[in-house]
Amino acid sequence: MVFCVLLSAKLVGQDSQQELKRFIYGVNAGVKFANRNYAIRYTGSYQNQLELFFSQPNNYQNIRQILGNKDFQFDSYSELYRFLPAPTYGINLGYQASNHLAFEADLNFSNIKFLGGYTLSIIDPGNFTTQEIFQNGTITGKESRFNGRINMNYTTDGEKVKGVFGLSGLVNSWRMEENSVELNGGIIANLFSQFNTTNGFTARVRGTGFGYGVNLGLEIPFQKGIVMQIVYQPYVTRMDYFNTQTVIEAEGDDYVKPSRRLEHDIIARFTWK
């Protein structure tokens with residue numbers, strides 16, 4: 001009898017050890033809120049891309065025809081530029097050190113859209129009023145992002161709903177996919193084209209960054225062996241969206257060190273445990 005009790009205790013201990021060493025995996029889907037300050041790269045103000053485009057004689061004449069043969073001059077960039085909330089998706093791999101503590105890696109991808117604008121001042125000889133005439137245009141952009149996140153998460157006790165709290169370190173990368181200028185519903189310029197082999201020689205079109213953040217969420221049983229986690233992941237990151245210090249100073253401009261910016265992910269994760 002004593003032997004059976006001891007044997008049962010040993011087996012339970014082995015099972016517990018196995019539970020402590022289980023690898024876990026899952027899929028992520030959610031939404032990313034990218035920092036507006038990084039969107040400046042797509043406004044056309046970088047290296048005066050948009051103003052230089054309008055100042056070229058051939059471009060000026062084409063735009064003049066679109067405007068009904070009216071002369072114009074560049075007026076301003078819109079201050080309402082922004083990144084739109086973007087879907088994010090990926091996988092989760094982890095090691096469950098205990099029933100409460102897990103070390104995980106999130107590998108997520110996003111496709112972010114940019115929306116901005118600009119204003120042209122129209123020079124119309126037929127305008128006999130004192131009121132100036134303006135024409136607004138749109139600037140759009142697309143960017144692909146990769147976020148690699150290493151998490152240390154703690155899961156609380158609970159019969160049905162559990163809390164998830166953790167810390168994370170991140171490595172990020174971004175790549176410009178599109179940056180177009182529109183006027184009267186049509187595209188008049190591509191400030192970036194993926195088919196242009198000179199991309200990246202004079203202007204940065206891809207880069208990397210590092211950061212850190214926290215994880216706050218809930219874990220809910222989904223079905224046997226699968227749990228659903230809803231996690232809010234704010235993080236601070238610094239990414240280089242502009243040319244290097246050497247290039248900027250060679251052009252006679254002052255170098256401004258990139259700042260750390262706050263971004264947000266909201267993730268729904270299905271994990272097999």
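**Notebook: one chain, looked up piece by piece**

I started with the fold and counted four helices and eleven strands in the chain. Note to self: this is a predicted model.

**Overall numbers.** The chain has 273 residues, and 38% of them count as buried. I then looked at the contacts with a separation of 6 or more: residues 24 or more positions apart account for 74% of them. For the surface I got about 15800 Å² exposed, with carbon and sulfur atoms supplying 58% of that area.

**Core.** Next I pulled up the largest nonpolar core, which has 33 residues. Phe-54, Ile-63, Tyr-118, Leu-120 and Ile-188 have the most contacts inside it. I wanted to know which elements feed this core with at least two residues each. The list I wrote down is helix H2 (49-55), helix H3 (57-66), strand E2 (71-77), strand E5 (101-123), strand E7 (162-183) and strand E8 (186-192). Strand E5 gives the most, with five residues.

I picked Leu-120 from that core for a closer look. Skipping its neighbours within four places in sequence, I found Leu-120 in contact with a list of residues that includes Phe-54, Ile-63, Leu-67, Phe-72 and Phe-74. Ile-133, Phe-134 and Leu-183 are also among the contacts of Leu-120, and so are the polar residues Gln-73, Asp-75 and Gln-135.

**Aromatics.** I logged 14 aromatic pairs in the structure. The one I checked on the strands is Tyr-25 with Trp-272: the ring centres are 5.6 Å apart and the planes sit at 5°, so I put the pair down as stacked. Tyr-25 is in strand E1 (residues 23-33) and Trp-272 in strand E11, so this pair ties together parts that are 247 residues apart in sequence. Tyr-25 is partly exposed, at 45% relative accessible area, and Trp-272 is partly exposed too, at 32%.

Then I went to Phe-53 and Phe-54. Their ring centres are 5.4 Å apart with the planes at 65°, so this pair goes down as edge-to-face. Both of these residues are buried. I also followed the ring pairs outward and got a cluster of Phe-53, Phe-54, Tyr-60, Phe-72, Phe-74, Tyr-77 and Tyr-118.

One charge over a ring also went into the book: Arg-36 lies over the face of Tyr-81, 3.9 Å from the ring centre.

**Strand E11.** Is Glu-263 buried or exposed? I had to look twice: Glu-263 sits in strand E11 (residues 261-272) and counts as buried, because its relative accessibility is 0%. So what does its side chain make polar contacts with? I found the side chain of Arg-145 at 3.1 Å and the side chain of Tyr-235 at 2.8 Å. Leaving aside neighbours within four places in sequence, the other contacts of Glu-263 include Phe-33, Ala-34, Asn-35, Tyr-38 and Met-239. Gln-233, Pro-234 and Thr-237 are among its contacts as well.

Phe-270 is in strand E11 too. I have it as partly exposed, because its relative accessibility is 26%. Its C-alpha is 4.6 Å from that of Met-228, although the two residues are 42 apart in sequence. Beyond residues up to four places away, Phe-270 touches Tyr-25, Gly-26, Val-27, Phe-222, Val-227 and Met-228. Tyr-25 is therefore in my notes twice, once as a contact of Phe-270 and once as the ring stacked with Trp-272.

How values were computed
Residues are numbered from 1 along each chain as its sequence is written. This is a predicted model: local features need pLDDT of at least 70, side-chain atom pairs count only at pLDDT 80 or more; totals for chains, interfaces and linings use all residues. Side-chain values use heavy atoms; hydrogens and water are left out. Buried means under 20% relative accessible area, exposed over 50%, partly exposed in between (1.4 Å probe, protein chains only). Contact means heavy atoms within 4.5 Å. Accessible areas come from the Shrake-Rupley method with a 1.4 Å probe; for residues, only the protein chains shown count as cover. A polar contact is a pair of N or O atoms within 3.5 Å; within protein, one must be able to donate a hydrogen and the other to accept it, and residues adjacent in sequence count only if both atoms are side-chain atoms. Rings of Phe, Tyr and Trp (its six-membered ring) pair if their centres lie within 6.5 Å; planes under 30 degrees apart count as stacked, over 60 as edge-to-face and the rest as tilted. A charge sits over a ring if NZ of Lys or CZ of Arg is within 6 Å of the ring centre and within 35 degrees of the ring normal. A nonpolar core is a set of buried Ala, Val, Leu, Ile, Met, Phe, Trp, Tyr and Cys residues joined through side-chain atoms within 4.5 Å.
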